[in-house]
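Biologist: I would like to go through this chain one piece at a time. Please give the reasoning before each result.

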Amino acid sequence: MNVATIGTNWITQAFIEAAGEVEDFHLYAVYSREEERARAFAATTQADTYYADLDAMFHDMNIDAVYVASPTRYHAEQAMAAMAQGKHVLCEKPLCSNEREAQRLIDTARRHNVVLMEAVKNLYTPGFTAVQQWLPKIGTVRKALISFCQYSSRYDAYLNGEVLNAFKPSLSNGATMDIGVYCLHPLQYLFGEPRQVKAAGYVLESGVDGETNVLLSYDNMDAMASYSKITASRSASEIQGEKGTLYIETIHQPQKVTFVSVKGETEEADIQQEKPDMYYEAAYFIEACLKNDTTTLNWHNSQLVMRQTDQIRKDLGVVFEADRALT
């Protein structure tokens, strides 16, 4: 499969390296707005060609699929333009800026009969598979505490008066969008849509959240998603049941899952992960494309998570330019 990429940052490089281990992946083209950067990135990644014109790239009949890793603000328009030309799309998380954009993306994928997938890497790892397999061990679930607090190096620049992309509402960024979705997606995948979402957090002067706590209420349990880009924590995430608790280290790349019964008995899952984290999402995406199978993709979950981020931002008072563009 000939794949083109949008973006020349570290995550694109990591994706190319991981996807390169997938048998049917071939890096055909890379894109950057700056031609010199595109040329240099193509040389670094050994892509067949490069583009500084997105429309020209989308019209290249040699390209089967596009990996979108631009700032979140541009995900929807770029993904829709790619799908309109019959390209499958793997879009970095978060899928887009808000639920309305998510619905437009899903409608476009259906209309052009192409694969659209949100690259939420933790959902496809062996570690998350272990979480799913071991969840019955804890009995009836009553509480989940999902945490991802990682101090951003870009916050140092922010404190010195320089607002980089990670903290710009014009690019649909902030803690909820950048890392909060790594907490919200597992909850949505495992427990479905909550009946209520309430959020509180700290909003930076730039207009995005730096840290947030989200209470998600279900009929028979509740969950807390706690995440931050301005503090750090090594606390494991927990899913608590009436027979025991699952402890999940590093929810964004779960590699250690431990069950502790209510009597204190401990058992650790045997997780065999021999590939980089992003390999598993790339392999899943490519298999779906080769089979032209959209039935296994989590469009509904992606849309519902965007609905949750909309509510979270409403509670916090965070508004994106992308929201205004749709009014």
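## Loops, helices and the core

Modeller: Pro-94 sits in the loop between β5 and α5. This is a predicted model.

Biologist: Which residue does a cis peptide bond join to Pro-94?

Modeller: The bond in question has an omega of about -15° and is cis. Pro-94 itself belongs to the loop between β5 and α5. Its partner in the cis peptide bond is Lys-93.

Biologist: At what angle do helix α4 and helix α5 pack, and is that roughly parallel or roughly antiparallel?

Modeller: Two packed helices are described by the angle between their axes and the distance between the axes. For α4 (residues 75-84) and α5 (residues 99-112), the axes are 9 Å apart and the angle is about 10°. Angles under 35 degrees count as roughly parallel. That makes the pair α4 and α5 roughly parallel, at an angle of about 10°.

Biologist: How many residues of the contact of α4 with α5 are nonpolar?

Modeller: From α4 the contact takes Ala-76, Ala-79, Met-80, Met-83 and Ala-84. From α5 it takes Glu-101, Arg-104, Leu-105, Thr-108, Ala-109 and His-112. Two of the contact residues are polar and two are charged, and the nonpolar ones number seven.

Biologist: How wide is the arc that the buried residues of α1 cover around the axis?

Modeller: The buried residues of α1 (residues 10-19) are Ile-11, Thr-12, Phe-15, Ile-16, Ala-18 and Ala-19. Their arc puts them on the same side of α1, while Trp-10 and Glu-17 are exposed on the other side. The arc is only 170°.

Biologist: Which elements are included in what covers the buried residues of α1?

Modeller: The cover includes both strands and helices. The strands are β1 (2-6), β2 (26-31), β4 (65-68) and β5 (88-92). The helices named are α2 (35-45) and α9 (277-291).

Biologist: Why do the buried residues of α2 line one face of the helix?

Modeller: The residues concerned are Ala-38, Phe-41, Ala-42 and Thr-45. On the other side of α2, Glu-36, Ala-43 and Thr-44 are exposed. The buried residues line one face because, seen down the axis of α2, they fall within an arc of 105°.

Biologist: What do the buried residues of α2 pack against?

Modeller: One helix and three strands have to be named here. The helix is α1. The strands are β1, β2 and β3.

Biologist: Which residue just after α2 takes a positive phi, and which one just after α9?

Modeller: Just after α2, the residue is Gln-46, with a phi of about 60°. The residue after α9 lies in the loop between α9 and α10 (299-316) and has a positive phi of about 50° although it is not a glycine. That residue is Asn-292.

Biologist: Is Thr-250 buried, exposed or partly exposed?

Modeller: Thr-250 is found in the loop between β12 (244-249) and β13 (256-261). Thr-250 also has a positive phi of about 50°, although it is not a glycine. Buried means under 20% relative accessible area and exposed over 50%. At 39% relative accessibility, Thr-250 is therefore partly exposed.

Biologist: Which helix gives the most residues to the largest nonpolar core?

Modeller: That core has 112 residues, and those with the most contacts inside it are Met-57, Phe-191 and Ile-239. The helix asked for spans residues 175-191 and gives 10 residues. It is α8.

Biologist: Which residues does Met-57 touch, not counting those up to four places away in sequence?

Modeller: Met-57 is one of the residues with the most contacts inside the largest nonpolar core. Among its contacts are Ala-4, Thr-5 and Ile-6. The others are Tyr-31, Tyr-51, Ile-63 and Val-66.

Biologist: How far apart in space are Ala-325 and Tyr-280, C-alpha to C-alpha?

Modeller: Ala-325 lies in helix α11 (residues 321-325) and is exposed, with a relative accessible area of 53%. Tyr-280 is among the buried residues of α9. The two are 45 residues apart in sequence, and their separation in space is 35 Å.

Note on methods. Residues are numbered from 1 along each chain as its sequence is written. This is a predicted model: local features need pLDDT of at least 70, side-chain atom pairs count only at pLDDT 80 or more; totals for chains, interfaces and linings use all residues. Side-chain values use heavy atoms; hydrogens and water are left out. Axes are lines fitted to C-alpha atoms, for helices over the stretch in contact, and angles run from 0 to 180 degrees between N-to-C directions. Helices (H or I, at least four residues) and strands (E, at least two) are DSSP runs, numbered from the N terminus. Angles under 35 degrees count as roughly parallel, over 145 as roughly antiparallel, 65 to 115 as roughly perpendicular and the rest as oblique. Contact means heavy atoms within 4.5 Å. Ala, Val, Leu, Ile, Met, Phe, Trp, Tyr, Cys and Pro count as nonpolar, Asp, Glu, Lys and Arg as charged, and the others, Gly among them, as polar. Buried means under 20% relative accessible area, exposed over 50%, partly exposed in between (1.4 Å probe, protein chains only). The arc is that of the directions from the helix axis to the C-beta atoms. A nonpolar core is a set of buried Ala, Val, Leu, Ile, Met, Phe, Trp, Tyr and Cys residues joined through side-chain atoms within 4.5 Å.
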